[in-house]
Amino acid sequence: MKQAYQTIIVGGGAGGSELAVRLADQGDREVLLIDRNHSHVWKPRWHELAAGAGRGHVNELKYAGIAERWGFAFQQGDLLDVLPDENSIVVGGPQALPGGEVEPRRLCYSQLVLAIGGVTADMGVKGVREHAVLLDSADQAEALCERLSKQLLANAAGDGNRPVDMVIVGSGPTGVELAGFLATGHQSNALTPAAGGNTLNIVLLEAMDEFMPGTPRAVSDSVRQRLTQAGVDIVTGAKVGEITEDAVRTGSGERYASQLTVWVAGQMGPPIAGKINSLPRNGKNQWLTGRDLRAKGQDNIFVMGDCGCIEDNPAPPTAQAASEQAEHLAQQLPRLARGRRPRVFQYRDKGTLLSLGEAGAVGRLRVMLDDDLQIRGRLARAAYRGVQRRHQMLLLGVTKALLDGASNFLETRVGPRIKVH
Ligand SMILES: Cc1cc2nc3c(=O)[nH]c(=O)nc-3n(C[C@H](O)[C@H](O)[C@H](O)COP(=O)(O)OP(=O)(O)OC[C@H]3O[C@@H](n4cnc5c(N)ncnc54)[C@H](O)[C@@H]3O)c2cc1C
């Protein structure tokens, strides 16, 4: 028997989870959220997992608990196909569940929202998939931490605490935040306390001549200064041509020794988009939408966040944009259900906030229409934490989020700050 729902949301990340909660909170009792994982770690904190933070520290939340609290349904599973003519989707797995295959199942919707995020693009560079670590899941972030831990131990046990050579490719927010956390974290000292000094040599490579392309100059200058002080070597104009087991080579012939390479240089849509023939997509494998976020040619299929692209006015691939789209769709889906046209989505840039671990936080807040306020230090750190706190409060409710925050605070005071493998 086919199961039918008013609204099915596939993908419970930064955008999808907020939309499910908002719809349920408005009284919509026929919402089904599907995600391939059973729990949710807010993606903008994955680099902290990579730098050694435990999942509790970055507030991992179980979908089943959130669904029960707000009164929507949750199923763990992988989107396999979209069949618009039948108003249904095919869901398989979940692959992550141990104990054998679950038969693919057909689920029917009146309205469908696709929110399954994106993945890192390898840009056709040789060796990326074979030799570099990507940050496309919380598991991969933890695997990076594990590899780094082992490499630190191997170097410490080998020839007199030789520092680990690490190359991070890409100076976008993920690259700089990861570099900041790793360069100033306590992990390397905790693993090899006798070393005392810096046990990581981090080189951050950027293909463009400009560091952090597209970021306001005041923010990128401040990030550069902090990372340099923390010992990160920043090289711009370094277009990577090949990654091997122990090095990164640029097209112009430079070689950077690397025992651990992290590739965070570019975004594209989810691989499954390439296998679903019913919905048009762009060259980056993102589903194309109109300004009202409806998939091209569809009346009742919406696409939000990193897996979609508004054809003539793309929003940036950020949690901020996904969250704004969730707020927008929470108003438009009920409108469509009442037979009215959904309104167009308008992205409002609220600013940029970056946390660099012990190297501090910097950012830009858009206070007026075209007026930016540059912030740094404690104010920027508080604003950065505030963005996640807001997401958490939405998902958990104010009281539970505050209790959760307090328990995390205590955990970091009495327990280890980092996870050591
Ligand atoms: C390390 C890092 C730091 C970042 N820092 C910032 C920041 O500071 N500020 C900011 O605004 N943005 C930041 N971003 C970008 C931001 O996290 C993303 O733009 C945002 O999470 C996109 O939201 P989304 O809802 O589209 O997808 P996601 O949050 O990626 O969620 C997608 C969900 O879909 C699920 N899924 C995927 N495929 C399937 C499938 N086939 N079937 C079922 N479920 C599936 C996944 O499990 C996931 O839960 C950062 C990203 C990274 C990696």
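**Exercise 1. The ligand shell**

Task: Determine how the shell around the ligand divides by residue class, and where the ligand lies relative to the domains.

Solution:
1. In this predicted model, the shell consists of 16 nonpolar, 12 polar and 6 charged residues.
2. There are 34 residues around the ligand, and the nearest of them are Gly-11, Gly-13, Lys-43, Gly-117 and Gly-305.
3. At least two shell residues come from each of β2 (31-35), α2 (46-50), β6 (78-83), α6 (173-184) and α9 (319-337).
4. Residues of the shell are given by domain 1 (3-118 + 269-337) and also by domain 2 (128-263), so the ligand lies between the two domains.

**Exercise 2. Ile-272**

Task: Locate Ile-272 in the chain and decide whether Ile-272 is buried, partly exposed or exposed.

Solution:
1. Ile-272 sits in the loop that runs between β18 (267-268) and β19 (287-289).
2. A residue is buried with 20 or more other C-beta atoms within 10 Å of its own, and exposed with 12 or fewer.
3. Ile-272 has 17 C-beta neighbours inside 10 Å, and therefore counts as partly exposed.
4. Asp-78 is 194 residues away from Ile-272 along the chain, yet their C-alpha atoms are separated by 9.6 Å.

**Exercise 3. The parallel sheet**

Task: Give the strand order of the open sheet of 5 strands, identify its edges, and describe how α6 packs on it.

Solution:
1. The order is β10-β17-β11-β12-β13, with parallel pairing.
2. β10 (132-133) and β13 (233-235) each have a single partner strand, so these edge strands are left without a neighbour on one side.
3. Within the sheet, β11 (residues 164-169) and β12 (residues 200-205) run parallel and are joined by 6 bridges.
4. Opposite Val-167 stands Val-203 in β12.
5. Helix α6 packs on this sheet and touches β11, β12 and β17 (260-263). The direction of α6 makes about 165° with that of β12.

**Exercise 4. The antiparallel sheet**

Task: Work out the order of the open sheet of 3 strands, its edges and the pairing of β15 with β16.

Solution:
1. The strands follow the order β14-β15-β16 and pair in the antiparallel sense.
2. At the edges stand β14 (240-243) and β16 (255-257); each has a single partner strand, so one side of each lacks a neighbour in the sheet.
3. On average, neighbouring strands of this sheet are turned by 20° against each other, direction ignored.
4. The antiparallel pairing of β15 (residues 247-250) with β16 extends over 3 bridges.
5. Ala-257 in β16 is the bridge partner of Ala-247.

Conventions. Residues numbered from 1 in each chain as written. Predicted model: local features only at pLDDT ≥ 70, side-chain atom pairs only at ≥ 80, totals over all residues. Near = placed C-beta within 6 Å. Helix = DSSP H or I, 4+ residues; strand = E, 2+ residues; numbered from the N terminus. Nonpolar A, V, L, I, M, F, W, Y, C, P; charged D, E, K, R; others polar. Domains from an automatic or database assignment. Pairing = 2+ DSSP bridges. Contact = placed C-beta atoms within 7 Å. Axes fitted to C-alpha atoms, helices over the stretch in contact; angles between N-to-C directions.
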